[in-house]
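Reader: I'd like a close look at one part of this model rather than a tour of everything. Could you pick a single strand, walk me through its surroundings, and then put it in context?

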Amino acid sequence: MIVRAFSIAILMGLFQSCSAQPATEKGSVETYAPIPSANKAMYSAEIEKQYKQLLGNRGFNGSILVAKNGEILFEDYQGYINFKTKEPITPNTPFHLASVSKTFTGMAIMRLREQGKLKLDDLVTDFFPSFPYPNITVQLLLNHRSGLNNYVYFMVDRKVETYRVKTKKGRWVRRTRTIKMPPLKPGLLSNQDVLDYMVQYKPAPLFAPDRAFRYSNTNYAMLALIIEKVTGLSYPKYMKDSLFTPLGMTDSYVFSIADTARYIPSYKYNNAPYGLEKLDCIYGDKNVYSTVRDMFLWDKALHEGTYVNQNSQVLAYQPYSFETKSFHNYGLGWRLLNSPTEEIVYHNGWWHGNNTVFTRFIKDTATIIVLGNRYNRNIYQAKKLSVAFTGRTDSTELEE
């Protein structure tokens, strides 16, 4: 099902004629410039053309929405949310956002900071005195510089380790060995279980705090616990009451252990379903479910400064890691691409068969949102659709 703004021939050469009016101060609210109807039709037709080549005719199962200046240019809903029942995907079908969920957790922390309920330099041990890793701040969780290992690697029954040994002939060769890990609590695990495991077993950090960048889901599982500690509410309830409902995101929610009865699997490329697994109920790093239209509202709220102000966004969209020279970096809950021609704030996600893309083109006031529930790596190429409104061919790949 394809919904387009218009369907007339493409009129190239008008790409830069309807950019948004810039904010004059960091804390001010930006406004959108209206898109002339001819430009809107041009964008819509070109996006549809690119979409069919990239995804629409290549096994895509999911939903997509592309918007500019606060106006939807293109959207499509293709395939099934449930392959067993053949329930079709519609505009109201929520998808597991996977790591795109981190954008919500990060901005919720920034909102609590605005309200004076926490500071970025607060230590995790200020909230959880038994936390066994000193000198880790809220900010170091947000920008993945804490050094904490990813819980998906240490909360397992066993792990395979590679090591090097010297043979009798003096040659170094690689060997592997299986290491039995400490026993896990029976059943599905929660964020509190992650914290309890770290307190009890103290899995080794990867490095000292603020020494380097290493993406780790543990950081955002801990941030969700901090939100709960500060607000006195569960993370799912806090996100619903303070974010989803006020912004009109009526089809969005956080999946938790309480929701296992309504679990709908995602799918492998061959339509084989993923069952509910031990780590599937940990949230903050993942487990926000949403639709492309709700994500469009999220994008608008950020642009207009109605959830967190522009000063907070300046902090969130600032790069924090410079060990490796690159256009790519990480802010506070956001991946960043800052090249001479592009300024993109984004996050992608993967969990089981769920692939998600939330790409925000700051200079072009545009966004590309793609949510899929059957693994399709082409989803991560969605940035290429931006040629329709930037006039620039895709040059730099985004981090998956």
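Author: Here is a walk around strand S14 and its partners, followed by a second sheet and the chain as a whole. Keep in mind that this is a predicted model.

Let's start with S14 itself, which covers residues 354-361. Is this strand mostly covered or mostly open? Mostly covered: eight of its eight residues are buried, meaning each has under 20% relative accessible area. That holds for both faces. On one side you'll find Asn354, Thr356, Phe358 and Arg360, and on the other Asn355, Val357, Thr359 and Phe361, all of them buried.

Now for the neighbours. In general, strands of a sheet pair through backbone hydrogen bonds, either parallel or antiparallel. S14 is joined to S13 (residues 343-351) by eight bridges, and the two run antiparallel. If you want a spot to check this pairing, look at Val345, which stands opposite Arg360 in S14. Arg360 is also one of the buried residues picked out above. The link between S13 and S14 is a hairpin with two residues between the strands, and His352 in that turn has a positive phi of about 55°.

S14 also pairs with S15 (residues 366-372), through seven bridges and again antiparallel. Here Val357 stands opposite Val370 in S15. S14 and S15 form a hairpin too, this time with four residues between them; Thr365 in the turn has a positive phi of about 40°.

Elsewhere in the chain there is an open sheet of three strands, in the order S6-S10-S9, with antiparallel pairing. Strand S6 (95-96) and strand S9 (253-254) each have a single partner strand and stand at the edges, so one side of each has no neighbour in the sheet. S6 is joined to S10 (residues 288-290) by two bridges, and Phe95 stands opposite Ser290 there.

Stepping back, the protein chain holds eleven helices and 15 strands. Its radius of gyration is 22 Å, which agrees with the value near 21 Å for a compact globule because the chain has 400 residues. The C-alpha atoms fill a box of roughly 70 × 50 × 50 Å along the principal axes. Over the whole chain, 54% of the residues count as buried. Among contacts between residues at least 6 apart in sequence, 66% join residues at least 24 apart. As for the surface, the chain exposes about 17700 Å², with carbon and sulfur atoms supplying 51% of it.

Terms used. Residues numbered from 1 in each chain as written. Predicted model: local features only at pLDDT ≥ 70, side-chain atom pairs only at ≥ 80, totals over all residues. Heavy atoms only, no water. Pairing = 2+ DSSP bridges. Buried < 20%, exposed > 50% of the residue type's maximum accessible area, 1.4 Å probe, protein only. Rg over C-alpha atoms; globule rule 2.2 N^0.38 Å. Contact = heavy atoms within 4.5 Å. Areas by Shrake-Rupley, 256 points an atom, 1.4 Å probe, with all protein chains shown as cover.
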